[in-house]
Amino acid sequence: MRRALPLLCLITLFLAGCAIGRPQPVSRTGFAFDTVIQVTVYDPEAIRSGAAESALNDCMALASRYEALFSTTREDSDIYRLNHADGAAVRVDPETVLLLQTALSYADQTDDLFNPLIGALTSCWDFSATTDRHVPDAQRITEALLHVDPCCLTMDLSDQTAPVLCLSDPAARIDTGGIAKGYIADRMKETLVHQGINSALINLGGNVLAIGGRPDDAPFRIGIRQPFGTARETSDIISVNDRSVVTSGVYERYFEADGRRYHHI
């Protein structure tokens, strides 16, 4: 899951130490959506009561659930099955519909500059490969651009418990990279807030969402990584309270060919 606004950087978190007598933050770290993810609770009462541990477990369960629905590479996911159905109808989870409806609404608002049906084009490039990375030829790109129309995704919602989706263009492909992690972070926030947690950070690899601020009422401080620097070099540190910080860079998913750098943005 890739592509966010090209702010040239990824995120490193920098937080001051906890006050004396305040319980230490509790975290869960995992690997999902092709990146390391971490959810940290700072709320002292939730930590003392055990609510933090329960909420973190729920967040990791959500990560697993959404990867199983939205992944473009897992052969059992809703998105993969839809992409490889050769135009046949596919029953999916209602949340897959909700994600795609949201993505299509942004496509409509931006005159398709944001396009969840860009997968035929993005699949021409393989930035995750360690070998045989090359620039696709112009003919392949031209052909791919014939299969990126959002209107080819149709929905039958008559059975809301098991809605049916179809790609009327069998060569079209959905790519959730521009929206999935933001959607998932929002759902994790709902889970944490529902359990009474008012101070936490959700970090989904370049997508950071702050719930409230720090327990001492100071804002969270988010370090913006220095492009092409080390993991701990920052170009800036910003203070946020109950906001998201989303960045992407050209220095992690890229390859070089004939003296030029080709990246995923």
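# Exercises around helix α4

The cover over the buried residues of α4 includes α2 (51–70), α3 (78–83), β5 (153–156), β6 (164–167) and α7 (180–194). Contact here means heavy atoms within 4.5 Å. Helices (H or I, at least four residues) and strands (E, at least two) are DSSP runs, numbered from the N terminus.

The model is predicted: local features need pLDDT of at least 70, side-chain atom pairs count only at pLDDT 80 or more, and totals for chains, interfaces and linings use all residues. Residues are numbered from 1 along each chain as its sequence is written, and side-chain values use heavy atoms, with hydrogens and water left out.

## Exercise 1. The helix α4

Task: compare the reach of α4 with its expected span, then list its buried residues and describe its two ends.

Solution.

1. Take the length. α4 covers residues 94–109, which gives 16 residues.
2. Take the span. The rule is 1.5 Å times one less than the number of residues. For α4 this gives an expected 22 Å, and the reach from first to last C-alpha is 23 Å, close to that value.
3. List the buried positions. Buried means under 20% relative accessible area, exposed over 50%, and partly exposed in between (1.4 Å probe, protein chains only). In α4 the buried residues are Glu-95, Thr-96, Val-97, Leu-99, Leu-100, Ala-103 and Ala-107.
4. Read the pattern. An α-helix has 3.6 residues a turn, so residues three or four places apart point the same way.
5. Check the N-terminal end. Asp-93 caps it, with a side-chain oxygen 2.8 Å from the backbone nitrogen of Glu-95.
6. Check what follows. Asp-111 comes after α4, and its phi is positive, near 55 degrees.

## Exercise 2. The whole chain

Task: decide whether the radius of gyration agrees or disagrees with a compact globule, then describe burial, contacts and surface.

Solution.

1. Count the elements. The chain has seven helices and 13 strands.
2. Apply the globule rule. It is 2.2 Å times the number of residues to the power 0.38, and the radius is taken over C-alpha atoms. For 265 residues a compact globule would come near 18 Å; the chain has 20 Å, so the two agree.
3. Box the chain. Along the principal axes, the C-alpha atoms fill roughly 65 × 55 × 35 Å.
4. Get the burial. Of the 265 residues, 45% are buried.
5. Sort the contacts. Among those between residues at least 6 apart in sequence, 61% join residues at least 24 apart.
6. Get the surface. The chain exposes about 13,400 Å², with 50% of it supplied by carbon and sulfur atoms. The method is Shrake-Rupley with a 1.4 Å probe; for residues, only the protein chains shown count as cover.

## Exercise 3. Salt bridges

Task: count the salt bridges, and find where the partners of three of them lie.

Solution.

1. Fix the criterion: a side-chain nitrogen of Lys or Arg within 4 Å of a carboxyl oxygen of Asp or Glu. The structure holds 13 such bridges.
2. Take Glu-53 and Arg-28, which meet at 2.5 Å, N to O. Glu-53 is in helix α2 and Arg-28 in strand β2 (residues 26–32), so the pair links distant parts of the chain, 25 residues apart. Glu-53 is partly exposed at 33% relative accessibility. Arg-28 is also partly exposed, at 24%.
3. Take Arg-253 and Asp-34, which meet at 2.8 Å, N to O. Arg-253 sits in the loop between β11 (244–246) and β12 (254–257), and Asp-34 in the loop between β2 and β3 (35–41), 219 residues apart. Asp-34 is partly exposed, with 42% relative accessible area.
4. Take Asp-242 and Lys-189, which meet at 3.7 Å, N to O. Asp-242 lies in the loop between β10 (234–240) and β11, and Lys-189 in helix α7, 53 residues apart. Lys-189 is partly exposed, at 25%.
5. Look for shared partners. Arg-65, Asp-93 and Glu-95 are joined into one network.

## Exercise 4. Single residues

Task: find what Asn-83 touches, and the sign of phi at Phe-228 and Asp-242.

Solution.

1. Place Asn-83. It is in helix α3 and is buried, at 4% relative accessible area.
2. Find its contacts. Beyond neighbours within four places in sequence, Asn-83 touches Leu-167, Ala-172, Arg-173 and Ile-174. Its side chain reaches the backbone nitrogen of Ile-174 at 2.7 Å.
3. Turn to phi. Most residues other than glycine have a negative phi.
4. Read Phe-228. Its phi is positive, near 70 degrees. Phe-228 lies in the loop between β9 (220–225) and β10 and counts as exposed at 52%.
5. Read Asp-242. Its phi is positive too, near 60 degrees. Asp-242 is partly exposed, at 41%.

Definitions and conventions. A polar contact is a pair of N or O atoms within 3.5 Å; within protein, one must be able to donate a hydrogen and the other to accept it, and residues adjacent in sequence count only if both atoms are side-chain atoms.
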